[in-house]
Amino acid sequence: MGADAKTAIKVEMTDAAARRIAKIVSGEAGKTALRVSVEGGGCSGFSYKFDLVETRNDDDVAIEKDGATVLIDDLSLVYMDGSVIDFVDDLMGQSFQIRNPNAVASCGCGTSFSI
């Protein structure tokens, strides 16, 4: 995937997600960003994986907002085009959620989807 294709794909982060990521990363020595990746598996076919990381890989796209950085690799980015990364704190608990317009189905836990 060339640089032009990467820039055409768009993923956004809400203010709530940015605040939470910045808070988490500031409390973890050496960690600089939250990596979001898409993996095969999960109850709906694909699942999101969240990891705190120290470094950026060559194939990562960085999404930055208010001191928070999310890294997404080339392959995962294709599945996440148009997505919004959010942080939700409600009666069900606290969690990062991804609103993905490409997903035609998702599971109850909110971390698995199909396209």
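A nonpolar core is here a set of buried Ala, Val, Leu, Ile, Met, Phe, Trp, Tyr and Cys residues that are joined through side-chain atoms within 4.5 Å. The legends below describe close-up views of a predicted model.

**View 1. The largest nonpolar core and the elements that build it.** The largest nonpolar core has 21 residues, and those that touch the most other members are M13, I21, V36, V70, I72, M80 and I85. Two or more residues each are contributed by α2, β2 (33-40), β5, β6 and β7, and α2 gives the largest share, with four residues. In soluble globular proteins, nonpolar side chains tend to be buried together. For the protein as a whole, 38% of the 115 residues are buried. The fold around this core comprises three helices and nine strands, and from the N terminus on the elements follow the order α-β-α-β-β-β-β-α-β-β-β-β. Among the contacts that join residues at least 6 apart in sequence, 53% are between residues at least 24 apart.

**View 2. Helix α2, with a buried side and an exposed side.** Helix α2 covers residues 15-26, and at 1.5 Å a residue its 12 residues should span 16 Å, which agrees with the 16 Å between its end C-alpha atoms. The buried residues of this helix are A17, A18, I21 and V25. They lie on the same side of α2, because they cover an arc of only 100° around the axis. The other side of α2 carries R19, K23 and S26, which are exposed. One of the buried residues, I21, is also among the residues that touch the most other members of the largest nonpolar core.

**View 3. I85 in strand β6 and its surroundings.** I85 belongs to strand β6, and its relative accessible area of 0% is the reason why it counts as buried, the cut-off being under 20%. When neighbours within four places in sequence are left aside, the residues in contact with I85 are V11, E12, M13, T14, A17, V36, V70, I72, M80, Q97 and I98. One of these, V11, is 74 residues away from I85 in sequence, yet the C-alpha atoms of the two residues are 7.6 Å apart in space. Another, I72, itself touches V11, V36, D59, D60, V61, I63, L77, M80 and I85, again without counting residues up to four places away in sequence. Thus V11, V36 and M80 appear among the contacts of I85 and also among those of I72.

**View 4. Two antiparallel hairpins, β4-β5 and β6-β7.** Strand β4 (residues 60-65) pairs with strand β5 (residues 68-73) in the antiparallel sense, over six bridges. K65 has A68 of β5 as its bridge partner, and the hairpin formed by β4 and β5 has two residues between the strands, with D66 in the turn showing a positive phi of about 50°. Strand β6 (residues 84-90) and strand β7 (residues 93-99) also run antiparallel and are joined by seven bridges. Here the bridge partner of V84 is R99 in β7, and the hairpin leads from β6 to β7 through two residues.

**View 5. E64, an exposed residue of strand β4.** E64 is part of strand β4, and its relative accessibility of 61% places it above the cut-off of over 50%, so that it counts as exposed. Apart from neighbours within four places in sequence, E64 is in contact with M13 and T69. The C-alpha atoms of E64 and A33 are separated by 9.4 Å, although the two residues are 31 residues apart along the chain.

**View 6. The aromatic cluster of F50, F87 and F96.** Three aromatic pairs are counted in the protein. The pair of F50 and F96 is stacked, because the ring centres are 6.0 Å apart and the planes meet at 25°, an angle under the cut-off of 30 degrees. This pair links distant parts of the chain, with F50 in strand β3 (residues 46-53) and F96 in strand β7, 46 residues apart. F50 is partly exposed, with a relative accessible area of 26%, whereas F96, with a relative accessible area of 16%, is buried. Ring pairs join F50, F87 and F96 into a cluster.

Note on methods
Residues numbered from 1 in each chain as written. Predicted model: local features only at pLDDT ≥ 70, side-chain atom pairs only at ≥ 80, totals over all residues. Heavy atoms only, no water. Expected span 1.5 Å × (residues − 1). Buried < 20%, exposed > 50% of the residue type's maximum accessible area, 1.4 Å probe, protein only. Arc of directions from axis to C-beta. Pairing = 2+ DSSP bridges. Phe/Tyr/Trp six-rings, centres within 6.5 Å; stacked < 30°, edge-to-face > 60°. Contact = heavy atoms within 4.5 Å.
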